[in-house]
2 protein chains.
Amino acid sequence: MKRLREEELALWRSFVRLHASVIRRIEQDLADDRLIPLTWYDVLVALYQAPDHRLRMGVLKERTVLTASGITRLVERLEQQGLVRRERTEEDRRSTYAVLTRDGKRAFLQAWPTYEKGIADYFVNMLNAEEQRIIRSAFERMLAAHDAKGTASEPL
Amino acid sequence: MKRLREEELALWRSFVRLHASVIRRIEQDLADDRLIPLTWYDVLVALYQAPDHRLRMGVLKERTVLTASGITRLVERLEQQGLVRRERTEEDRRSTYAVLTRDGKRAFLQAWPTYEKGIADYFVNMLNAEEQRIIRSAFERMLAAHDAKGTASEPL
DNA sequence: TATCAATATTTGATTACGCAATTAATACTG
DNA sequence: CAGTATTAATTGCGTAATCAAATATTGATA
């Protein structure tokens, strides 16, 4: 049971706080511009990139940071806003597809410039090329390891 | 208006997802061991480290990741659990102090081993010494820059 | 020093999310 | 091929966090 050193703890704290700060700022900018929130964006983009702009709820869950019930409710709201449509299919009648609507496509295309600028201003552009490379490779490696382990408890 | 490159976007996504994954795992471990949640821990530690184990609500807010009302409610719950006591003072009767109780101290000391292990297992120990150094210094620099800017909208 | 502004915290209303249980359909097994 | 297990998604219920408005107190100013 190795104890954490002071610098290691500082590293952890910086990670948590930076995350909160960046997310809050981007969310604020989106709200200021009357655009959709980050969570909506994540779903709509995933659909946009998918073949036929449609994806099963389960896949959608994996692409976001939510649990199954979280996704159900989020898609429900998106459907109410007309940004997404739900479809059941014959091939497997347990599953539901979420399909991007025309309005949904428009909503996320409108949000992108603000989102992109937020990511750049509050995060990416504050890192030099070497830092970017190192952080990305470390984080992706860690994520892979996380996934490898608790796939059971994975709402990732 | 510089556009984000693919790798920059991947960097951003790895950041967001890693954060969600690590936090979720630690929170789960704490729950499994019947210990206090992360947010409680943050408050209790801040109080523990403060002179006389007491801090004004506003200061507490700065040390966590919550807004003013978030802190009010969190401290409220902690008070209900007997982990914290609220005190008003004569020097400035607008402000409230939160004071760590004996039970509060015990609760967070009990949680620490699990929390520490989580930080180590899911985050710190997955990074080599150089990565740790680089990430910490970059993140702390970014946080400082964030604070310098929007101190107005800062619940940081 | 009465008034207006600023600060510190709290409250009301709303929203989002998680867990555990539920429903429904498909896959496996003896 | 009947019965059980597994998978996919949803729902009930509770908790926690936010924003905006309210309250209370202190500071500034004319």
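In the predicted model, the largest nonpolar core holds 93 residues, and the members that touch the most others are W12(A), F123(A), F139(A), F123(B) and F139(B). Helix α1 of chain A, residues 6-32, supplies the largest share of this core, namely nine residues. In soluble globular proteins, nonpolar side chains tend to be buried together. The surroundings of one such core residue, F139(A), can be listed once neighbours within four places in sequence are set aside. In its own chain F139(A) is in contact with F15(A), and in chain B with S14(B), F15(B), L18(B), F123(B), I135(B) and F139(B).

A residue of helix α6 of chain B also has contacts in both chains. E131(B) belongs to helix α6, which covers residues 129-148 of chain B. With a relative accessibility of 7%, E131(B) counts as buried, because the limit for a buried residue is under 20% relative accessible area. Apart from neighbours within four places in sequence, E131(B) contacts I134(A), A138(A) and R141(A) from chain A, together with M126(B) from chain B.

The overall make-up of chain A was examined next. Chain A contains six helices and three strands, and these follow one another along the sequence in the pattern α-α-β-α-α-β-β-α-α. Along its principal axes, the C-alpha trace of chain A extends over about 55 × 40 × 25 Å. Of its 156 residues, 48% count as buried. The accessible surface of chain A amounts to about 8,300 Å², and carbon and sulfur atoms account for 49% of this area. Among the contacts in chain A with a separation of 6 or more, 52% link residues 24 or more positions apart.

The three strands of chain A form an open sheet in the order β1-β3-β2, with antiparallel pairing. Strands β1 (54-56) and β2 (84-88) of chain A are the edge strands, each of which pairs on one side only. On average, neighbouring strands in this sheet are turned by 30° against each other when direction is ignored. Strands of a sheet pair through backbone hydrogen bonds, either parallel or antiparallel. In chain A, β1(A) and strand β3 (residues 96-100) run antiparallel and are joined by three bridges. Within this pairing, R56(A) has Y97(A) of β3(A) as its bridge partner. Helix α4 of chain A, residues 68-80, lies across β2 and β3 of chain A and runs at about 120° to β2(A).

Chain B likewise contains an open sheet of three strands, with the order β1-β3-β2 and antiparallel pairing. Its edge strands are β1 (54-56) and β2 (84-88) of chain B, each pairing on one side only. Direction ignored, neighbouring strands of this sheet are turned by 30° against each other on average. Three bridges connect β1(B) with strand β3 of chain B, residues 96-100, in the antiparallel sense. In β3(B), Y97(B) stands opposite R56(B). Helix α2 of chain B, residues 38-49, packs on the sheet, where it touches β1, β2 and β3 of chain B. The direction of this helix makes about 90° with that of β3(B). Helix α4 of chain B, residues 68-80, lies across β2 and β3 of chain B, at about 120° to β2(B).

The length of helix α1 of chain B, residues 6-32, was compared with the expected value. At 1.5 Å a residue, its 27 residues should span 39 Å. The end C-alpha atoms of this helix are 39 Å apart, which agrees with that expectation.

Two residues of chain B were considered for their backbone angles. R34(B) follows just after α1(B) and is placed in the loop between α1 and α2 of chain B. Although R34(B) is not a glycine, it has a positive phi of about 60°. Its relative accessible area is 77%, so R34(B) is exposed. D52(B) is located in the loop between α2 and β1 of chain B. It too is not a glycine, yet its phi is positive, at about 65°. The relative accessibility of D52(B) is 64%, and D52(B) therefore counts as exposed, since the exposed class begins over 50%.

Notes: Residues numbered from 1 in each chain as written. Chains lettered and ligands numbered in written order. Predicted model: local features only at pLDDT ≥ 70, side-chain atom pairs only at ≥ 80, totals over all residues. Heavy atoms only, no water. Core = buried A, V, L, I, M, F, W, Y, C linked by side-chain atoms within 4.5 Å. Buried < 20%, exposed > 50% of the residue type's maximum accessible area, 1.4 Å probe, protein only. Helix = DSSP H or I, 4+ residues; strand = E, 2+ residues; numbered from the N terminus. Contact = heavy atoms within 4.5 Å. Expected span 1.5 Å × (residues − 1). Pairing = 2+ DSSP bridges. Axes fitted to C-alpha atoms, helices over the stretch in contact; angles between N-to-C directions. Areas by Shrake-Rupley, 256 points an atom, 1.4 Å probe, with all protein chains shown as cover.
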